[in-house]
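Please open the model in your viewer and keep the selection panel at hand. The tour goes from one selection to the next and says what is found at each stop.

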Amino acid sequence: MATRLPPPKRPKLYHGVPEPEPEPIKPSPNIVVQFVNEHDGTPIAPAVNLPANVARESLEALVNQLRTKDDDDHVPFAFHVALPEDATKPDVPTRIIISKSLEADVLNHPSHAFTEENIILVRCAPQSVFKVRPATRCSSTLSGHSSPILCASFSPTGALLATGSGDTHVRLWDLNTETPSHTLVGHTGWVLCVEWDPMERKLASGGHDGHVRLWDPKTGKPTGEAMKGHSKWVTSLAWEPVHINVSAPRLASSSKDGTVRVWSTATRRLEYSLGGHTASVNVVKWGGGGKGGKGVLYTASSDRTVRVWDAQGGKQLMVLKDHAHWVTTLALNTDFVLRTGPYDHTAKRPASDEEAQGLALKRYDALISRTPELLISGSDDHTLFLWSLFSSSSEAGGGKTKPINRLTGHQRQVSHVAFSPDGRWAASAGWDSAVRLWDCSGGIGERSGNLGKFVATLRGHVGPVYRLAWSADSRMVISASKDATLKIWDLKTYKLKNDLAGHTDEVYCVDFVADKVVSGGRDRMVKIWRN
């Protein structure tokens, strides 16, 4: 039997209307593009002539082809073009992010700063190889604390969560089941700070009673008695980095009494006390750099100074006196790798202490090979300062005590500053309800003028912003505010990505791990948010 042909297609009827003309394809100009490395401005490849309507994904494939690296891995890139100085307006982003194509984003930009005649310098920033999903919903609301929650912190692997509250208790929560795990009872005053040891073996807490306590997170029992010595409340805690001391890291505690005490966690005795500040020490950070990579302590105080100490013996190295009011917050560009130690996104667990130390050192070195350890200090004088105290050129002279840059723009006090995990960005939160973004990706030396360059203001909160936290892939930042909301901001558009409403009062603390966000505040509820 012969094969029957399918019936012919019915012609499309335009009921008495003539058939519309097919839209002509718009001609797109050709432009000359030079791809440069965002970090140091070096060209990735010679300039290329491209049609202006090439999509962003094709640009990424092209840059991966042009790179002269031997590794076969496809690296995701983010592209941007810096606006010329004369085209920038106050409070408007200083760079154009390429999200669709060069034609749509750059040539048709409202500033009209670029034409087809220009050679367009496209800066390429490699992105992390994994992507964090933004939190969109509240998966658990955990009650238990009977007073406002003042601090919250994920453990380095993200398996446990610790929260401290005004009810004098620290609570541990299991994040896999999102249920309470232990209640740590011992403090006699508000718990003001909790900090995990980067190997996740111990948890430290500091309270309004002036005591520092160590806990075993597996059993929920205290490791010995409280470490006493401070005469006023403890304001912050910092652990010694894993790559310097893996077996028995020391712990630094700063206090309202103007001192910083460094404790040996093995013997639970005071190693030394740092006096020198003449007012409350608001924050202490333990950096991994310094002379010979032995570690340094950075302390910020209400006496308007930031002081830098040698962590081995407690000798004072520098006093930074540029702020005009209390210094309330510090951030290091290595904070994330120091806090997570040997644990990265691959979720491998080190078999021994030596392996953990090696992994932590490798992660730390990879970060500071691009940019040396940077410090940002934020103050009630509405400004921030960016410092590079131990760059290789200044190692011999004991460091530069002048800031690289002064970051201005906040209209009121700066409440918190945080570096992104890859160290390329810093975000600062203020009592003016705004979050400001700064670019910290440049090299030291001839391009250090770009370090700390203002990028964008993220507006949306209607109350002071108290805390910030970054996603592990550095593509999102989340802010917690007095207006009872959390907001997730997207760094591709500098716009609000998600608004997480659910708290009924001020949100005091927020932390971000994997694709989970935790927040706590005045309504006494711990909320876990996820995708």
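In this tour, buried means under 20% relative accessible area, exposed means over 50%, and partly exposed is in between, with a 1.4 Å probe and protein chains only. This is a predicted model, in which local features need pLDDT of at least 70, side-chain atom pairs count only at pLDDT 80 or more, and totals for chains, interfaces and linings use all residues. Residues are numbered from 1 along each chain as its sequence is written, and side-chain values use heavy atoms, with hydrogens and water left out.

Begin with helix 1 (helices are DSSP runs of H or I with at least four residues, strands are E runs of at least two, both numbered from the N terminus). Select R56, L59, E60, V63 and N64, which are buried in helix 1; they lie on the same side of this helix because they cover an arc of only 135° around the axis, taken from the directions from the helix axis to the C-beta atoms. On the face turned away from that buried side, select the exposed residues E57 and Q65.

Next, select F35, whose contacts (heavy atoms within 4.5 Å) beyond four places in sequence include L59, L62, V63, F79 and V122.

Finally, go to K527 in strand 37, residues 526–530. Which side chain makes a polar contact with the side chain of K527? That of T141 does, at 3.0 Å, a polar contact being a pair of N or O atoms within 3.5 Å, of which, within protein, one must be able to donate a hydrogen and the other to accept it, while residues adjacent in sequence count only if both atoms are side-chain atoms.
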